[in-house]
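Subject: Structure handover and notes on its contacts

Dear colleague,

I am passing the structure on to you with this message, and I would be grateful if you could read the notes below with it open beside them.

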Amino acid sequence: MLQFEDISNDLILCVWDQLVAADVMYSFFNLNSRINSLLLQFCGLYKQLDLRYCSLSACRFFCRQVPTMIEWRLNLTVLKLGNRYRCSQTNMLAKEVIKSFVANHFTKREKSCHNAPEDIFQILITNNKDIQPIFPQLISFIVFQPIPISDVYRDALLFIVANGSLLRTFAWNSCRKQTHHSKTFFDWLFRRSINLVSYKLSTPPCENGFELKYEHTLINTYVPHSSLIYLTINILNLSTLHTLLHYLPQLEHLDVYISSICHSNNTENQKLNYPRNLRVINLRHFIIEGQDCSCLEQLIDKFVNTLEKFSLYLSHYCNGDIDMCFNGYRLASLCNKLSRLKSIHFAIQIPFMEEPTYRILSDFIQAFRKPF
């Protein structure tokens, strides 16, 4: 009779290869010491957990276990959760994190939490400025949020899960109508993520982006972020971009989607500083209205000595005046200022009031036939 212990490791791994890692761990966890050893070696048991595509039963199991089991809490380095088919994942984990956090608080004080008020979690994180991270070894935290999230669950994921000093990568892909969380996301970035290297905060296309006002940074005494190098973000306006750049002196790679229209008479804040080593700019969505494109040119002028890669998707509403549109000659003039530029990718959309003649189109694209 064939015993389970007689099955080769290769055969077991062949079966596991067809399953999501979280489902594998859920199915074989604590079966015997040999299986646990293979889980440690090949599935990152206690170190990496990707719940995005696992079954609902596996997700429910790990959401309950991970915040309470010491092996997970002390060793977890990568956590990924949420997808459009598992709408409850973010809320499920946040709920268990809150339970564990509150229970640990009362256990340390040798008190019972049975009669604690419903808003005890909010009271604790508001009054406790030195919250210990639940996963002190966490390096990467990736969230896909398919449905709206409450302020309480948002705070649990930001200030309890993503609160460790070792965190280097943070990505949050939100659903529609979530930009009212803007202040909290930026407060976390500039006041809690002290060693973060990569920050991604996105919304669905054609949705209003997140907003950061300079006055908010002053009121909350923001200080420049000392480590952030990569920023991918959907923001509301150009003012938010300038404010962000002021507080990101180490930024090297910028990927930004600006949802609202930038007007040609936009003026920059002369009090702001800018990154000293920005090498890559990807303007995924940039709309200008008016005959003057100086707001774009003023932005790029800040990085004439560092910019190496420039990508631009520009829509210019120039009120039907073709002679004033952002054409190839203006692009060439802008690029000639960039002493270290190695590559440029661009798409320029010019809405016409009426169908243009061949002569107008020919004159418009003539500049792109010349090298610059």
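The notes that follow go through one helix, the nonpolar core, the aromatic pairs, the salt bridges and the cysteines.

Please keep in mind throughout that this is a predicted model, and that the values quoted here were computed from it.

I begin with helix α6, which covers residues 89-108 and has 20 residues. From its first C-alpha to its last the helix reaches 29 Å, which is close to the 28 Å expected at 1.5 Å a residue. Its buried residues are Gln89, Thr90, Met92, Leu93, Ala94, Glu96, Val97, Ile98, Ser100, Phe101, Val102 and Phe106, a list in which polar residues such as Gln89 and Glu96 stand beside nonpolar ones such as Leu93 and Phe101. As for what covers these buried residues of α6, the elements include the helices α4 (56-65), α5 (70-75), α7 (120-127) and α8 (151-161), together with the strands β2 (78-81) and β3 (140-144).

The largest nonpolar core has 95 residues, and those with the most contacts inside it are Leu79, Phe141, Phe170, Trp188, Tyr199 and Phe286. The largest share of this core, 8 residues, comes from α6. Trp188 deserves a look of its own: leaving aside residues up to four places away in sequence, Trp188 touches Leu158, Phe159, Ala162, Leu167, Phe170, Ser193, Leu196 and Tyr199.

Turning to the aromatic rings, the structure holds 15 aromatic pairs. One of them is formed by Trp172 and Phe185, which meet edge-to-face at 5.1 Å centre to centre, with 70° between the planes. This pair links distant parts of the chain, since Trp172 belongs to strand β4 (residues 169-173) and Phe185 to helix α9 (residues 182-191), 13 residues apart. Both Trp172 and Phe185 are buried. The rings of Phe190 and Tyr247 have their centres 5.8 Å apart and their planes at 65°, so this pair is edge-to-face. Phe190 lies in helix α9 and Tyr247 in the loop between α11 (238-246) and β7 (253-258), so the pair ties together parts that are 57 residues apart in sequence. Phe190 counts as buried at 8% relative accessibility, and Tyr247 counts as buried at 5%. Ring pairs also link Phe141, Phe170, Trp172, Phe185, Trp188, Tyr199 and Phe210 into a cluster.

A search of the whole structure finds 12 salt bridges, of which I describe some here. Arg154 forms one with Asp151, and the closest N and O atoms are 3.4 Å apart. The two residues are 3 residues apart in helix α8, so about one helical turn separates Arg154 from Asp151. Arg154 is buried, with a relative accessible area of 7%, whereas Asp151 is partly exposed at 40%.

Another salt bridge joins Glu297 and Arg330, with the closest N and O atoms 3.0 Å apart. Glu297 lies in helix α12 (residues 294-301) and Arg330 in helix α13 (residues 328-336), so the pair ties together parts that are 33 residues apart in sequence. Glu297 is buried, with a relative accessible area of 16%, while Arg330 is partly exposed at 23%.

Glu308 forms a salt bridge with Lys342, in which the closest N and O atoms are 4.0 Å apart. This pair too links distant parts of the chain, Glu308 being in the loop between α12 and β10 (309-317) and Lys342 in the loop between α13 and β11 (343-349), 34 residues apart. Glu308 is buried, with a relative accessible area of 9%, whereas Lys342 is exposed at 67%. Salt bridges that share partners join Glu252, Arg279, Glu308, Arg340 and Lys342 into one network.

Finally, how many disulfides does a search of the whole structure find? The search finds 0. For Cys54, the closest cysteine sulfur is that of Cys59, at 4.9 Å, which is too far for a bond, because a disulfide needs the two sulfur atoms within 2.5 Å. Cys54 is buried, with a relative accessible area of 1%, and Cys335 is also buried, at 7%.

With best wishes

Technical notes:
Residues numbered from 1 in each chain as written. Predicted model: local features only at pLDDT ≥ 70, side-chain atom pairs only at ≥ 80, totals over all residues. Heavy atoms only, no water. Buried < 20%, exposed > 50% of the residue type's maximum accessible area, 1.4 Å probe, protein only. Helix = DSSP H or I, 4+ residues; strand = E, 2+ residues; numbered from the N terminus. Expected span 1.5 Å × (residues − 1). Contact = heavy atoms within 4.5 Å. Core = buried A, V, L, I, M, F, W, Y, C linked by side-chain atoms within 4.5 Å. Salt bridge = Lys/Arg side-chain N within 4 Å of Asp/Glu carboxyl O. Phe/Tyr/Trp six-rings, centres within 6.5 Å; stacked < 30°, edge-to-face > 60°.
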